[in-house]
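Student: I am new to this structure and would like to take a close look at one part of it, with its surroundings explained step by step. Could you guide me through it slowly?

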Amino acid sequence: MNPKRRTRLTVVLFLLAGAGVSVTLVLLALNENINMFYPPEAVVGGEAPVGTQIRAGGMVLEGSVDRDSESLDVSFVLTDYVGAEFPVRYSGILPDLFREGQGIIVQGELNGEGVFRASQVLAKHDENYMPPELAEMSAGHQKKPNPLNYDR
Amino acid sequence: MIVELGHLALVVAFCLSLLVAVFGLGGAHRARAGLMGAVPALVAGQFVFLGLSFGVLTHAFLVDDFSVAYVTANSNTMLPWYYKFSAVWGAHEGSFLLWILIMSGWTLAVAVKGRELPPAFQARVLGVMGLLNLGFIAFLLFTSNPFERLVPMTPGEGADLNPLLQDFGLIVHPPMLYMGYVGFSVAFAFAVAALLSGRLDAAWARWSRPWSNVAWAFLTLGITLGSWWAYYELGWGGWWFWDPVENASFMPWLAGTALIHSLAVSEKRGTFKSWTLLLAITTFSLSLLGAFIVRSGVLTSVHAFAVDPTRGLFILIFLALVVGGSLALYAMRTATIRSRASYTLASREAFLLLNNILLVISMALVLLGTLYPLAYELFTGGAKISVGVPYFNAGFVPLMLLLSAALGIAPVLNWKRTPAGRLLGRLGWVAAMSLLLGVGLPLVLADAVSWQVMLTLVLAFWILGSHGADLVRRLRRGTPPLAYVGMQVAHMGFAVALIGVAVTSALSVEKDLRMAPGDTLELGDLSFRFVGVERVSGPNYLADQGEFAVVESGRRYSLRPQKRNYLARRNVMTEAAIDPGLTRDVYLSLGEPLEDGAWAVRIQVKPFVRWIWLGGLLMSLGGVLAVLDSRYRRLRVKRDARAAAGAAATV
Amino acid sequence: MNRASLFVPLGIFSLIVVLGYLGFRLEDPHRLPSALLDKPFPEFTATVLGEPERVVSRSDLLGAPVLVNVWATWCPTCKAEHEELMRIDELTGLRLVGVNYKDDRTKALRWLRDFGNPYEFVLEDADGLLGVELGVYGAPESFLLDAEGKIVYKRVGEINPRVWRNEIAPLMERLEVASAYE
């Protein structure tokens, strides 16, 4: 092998190694950071894992929002309006569009008692936006999309 | 009647762009000087008619012509005039009209500035751009006509512009972003024209370099403004969310950054040619993919436009034709390219290659994270997932740190090879200094700092140090060329942004708490006293305005965050109060009202957050400076032709 | 460079396009849920807005094609849609029946007084229970029923001139409804 070729081979090997390491890291990171989404039915039915970061969603049940009078702790119930509902606890500021009857998404962990401890509460940002995971959820389980100018 | 004129002007522009495509590509193919000669005039006509169309829509907004459906949906008589103006591009139809107008502006610029290009080449470039604009205008006319009338019944009042968009940031952010997105169509058109003509030498790289730089500078500015807007307008102090729509603008930026570096190698050294062509195609393709993501509703996002299946399908087909066609052309035409690659590891070529690889991997990483939920849903039959921010950070941050490490070495490197002694001699003390500063400063100025922050700071000082030293050396030898100054400014901007990201991510303080009037919070050197809340009214909203008396190291000021209620849409909006500063922002936002006059309040101190956007502005400025270099003022066709004759890569 | 490797970008891109196309089919937002298409409109009973004594049921929707429109005063899009409904009422022989969804009676009556009433009658659904039976979970939504009460078309989201022209107007002839509104 002449020196020129050897140099080029070194460069190529160096780059391949770098690329290989990067790709591996990326795939590992991707697998660790996907958040599965569960509708109320799956949370209640025990399909959702306990103690793992997940996302869940539903409509905020009317009359269920309870704010602590001393702190920013809040609890509410998420429902799909057809029988499945689960309690959520959260501490912090709720988004502007958090309202009763509104579809929202919570991110956090489910504990052994079936209570969802949310680290994040997401509501749609304007009437043109609905979290994609909620789009499919509905009373009749039929496709419930996120169309233009659609209010809930 | 005026509105119909706008529609008509759009139709005329459609016909003109068809002629531009046919005359440009056909004329070049058949070598008909007459056909090619007519193209610039047609391009000018297209621009004039699109400008007319845009003017008509703007007029409809300014005079509250609610017979136009688009105006009704996005404006209101109470809206201040400047927001009526920016509401023109506040939603899908109008923003796409702006996109097209900008596209035709770029085409006109190529027609005017590119007169010194070989006529056939220029005709091909204009023809390709005409073809693109033809597709865009067809999209607007057939799926998203902004001039659609609400007749016979005209509403008396409009639905108002989305309050999030009633802001200065939104007046300037989309035009800048589109200038960037669409600007890369020039590099794309140059690449396709080069592929069509079979002239794949260094000349096309030289010609397309300034165009790519300008587009890149605009895109950089657009993204910077977008991040700034999200920071102060979304109300919660975040400046980057890895949201699909943000990613849609970031992917072309990453590919475009790789492109402007790769173009340098192709122009100066005649290597990487087929790679550079591929990057030019990729960058613009990612702009189009971004448009698809934003406008089809395939991926839902905070910023996404309203969903319409016909639109998504149209863009997808357009994307398949344009990108598929150009990639097929690429695959068929570049097989004959031979590069004379002879360089060592310690050379500018090798490091620019490394830069390209890191940037393309970053781009692929963002692309994967953006499209993964879609793929996952498809392959699992409907399981919904979201890709968390940690994924993007975990992959992206190490890559950027590697890039920074390499970037610090860049100014010292020669083409082909650099003596090891010089590397050590010039960089040894920079390395030592940056280690000292990067580790020392945080230890002295802040109490507890993670090693990640120290590493990032070391690398930022490493870039600043090696570039600064090189700048001093160049200045001693006389005034350096503007292209060099531009490179310096852009690279230092990158380091500045790096410092901002590291410090603000690590040292920001955030407190969510319940505050009743009279309550006080002490936070380091700061004390916040909640005075109370009063009702105030704006032109089209009512607001609860909180007043906070702040004492910061003896300085006293008030911050007045608002909770706004926009009347027409009944949206609630959080309007943060910010006391900006170069070394820290104090950021206050009102959450929701609680019992007894208390409010949920978020108080944040964000050190160095402004450096992120300062860095972005510097990068953008660097891109502009590089283009102003005198060697681009006049395209030296003759010398390029000579270079072309000498290049081994003619087909 | 290896010839075949030049086609790699094209291959990757094709995959993305296929993904985009499938994903986009997946998200097609206005697609009629197949479960409802050609199914009879569900049984229900409800009182009429403004006439608390009058109870109507599914049989009141039979006899002629009818557009059942779910609306509410809290829904800004319904406001935009209202004008289109007025136009449809004025220019066609189509019956319109409203469902006032999760709303306040007084506000709803004021709305109809202020902006006009295109409906033959409006069903009250203050608690949203009728909405659950209809599989509705937001507003606006609309169902087009033929004379036998079968759902021939459903729209999630507003009806605007484009939707009318492209999707509903073509059905008018088949349903034998007179229409001067193309």
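Student: To begin with, what pattern does chain A follow when it is read along the sequence? After that, please take me closely through the open sheet of chain B, and show me what else can be said around it.

Tutor: Please keep in mind from the start that this is a predicted model. Read along the sequence, chain A runs α-β-α-β-β-β-β-β-β, a pattern made up of two helices and seven strands. Chain A has 152 residues, of which 41% count as buried, and among its contacts with a separation of 6 or more, 46% are between residues 24 or more positions apart.

Turning now to the sheet that you asked about, chain B has an open sheet of four strands, which are arranged in the order β2-β11-β10-β9 with antiparallel pairing. At its edges are β2 (509-515) and β9 (577-579) of chain B, each of which pairs on one side only. Going from one strand to the next, the twist averages 15 degrees. If we look at one pairing in detail, β2(B) is joined to β11 of chain B, residues 599-607, by seven bridges in the antiparallel sense. Within this pairing, B:Leu513 has B:Val601 of β11(B) as its bridge partner. As background for looking at any such strand, side chains in a regular strand alternate between the two faces of the sheet.

The loop that leads into β11 also deserves attention, since B:Asp596 is placed between β10 (584-593) and β11 of chain B. Most residues other than glycine have a negative phi. B:Asp596, however, is a residue other than glycine with a positive phi, near 55 degrees. B:Asp596 counts as exposed because it has 8 C-beta neighbours inside 10 Å, where the limit for that label is 12 or fewer. A second case in chain B is B:Ser553, found in the loop between β5 (541-552) and β6 (555-559). B:Ser553 is not a glycine either, yet its phi is positive at about 45 degrees, and with 7 C-beta neighbours inside 10 Å this serine also counts as exposed.

From these exposed loops we can move to the buried interior. The largest nonpolar core has 256 residues, and those touching the most other members are B:Ile100, B:Ala187, B:Phe190, B:Ala191 and B:Ile499. Helix α7 of chain B, residues 168-197, gives this core its largest share, namely 19 residues. Domain 1 (1-34) and domain 2 (37-136) of chain A both contribute residues as well, and the core therefore lies between them. To see one member at close range, consider B:Ala191, which, apart from its neighbours within four places in sequence, is in contact with B:Leu277, B:Ala280 and B:Ile281.

Chain C offers a parallel pairing to set beside the antiparallel sheet. Here β4 (residues 95-101) and β5(C) run parallel and are joined by five bridges, with C:Asn100 standing opposite C:Glu124 in β5(C). Together with helix α3 of chain C, residues 105-115, these two strands make a right-handed β-α-β unit. Strand β5 of chain C, residues 121-125, is largely enclosed by the rest of the structure, because four of its five residues are buried.

Technical notes. Residues numbered from 1 in each chain as written. Chains lettered and ligands numbered in written order. Predicted model: local features only at pLDDT ≥ 70, side-chain atom pairs only at ≥ 80, totals over all residues. Pairing = 2+ DSSP bridges. Axes fitted to C-alpha atoms, helices over the stretch in contact; angles between N-to-C directions. Core = buried A, V, L, I, M, F, W, Y, C linked by C-beta atoms within 7 Å. Buried ≥ 20, exposed ≤ 12 C-beta atoms within 10 Å, placed from the backbone. Domains from an automatic or database assignment. Contact = placed C-beta atoms within 7 Å. Right-handed = clockwise from strand over helix to strand, strands pointing away.
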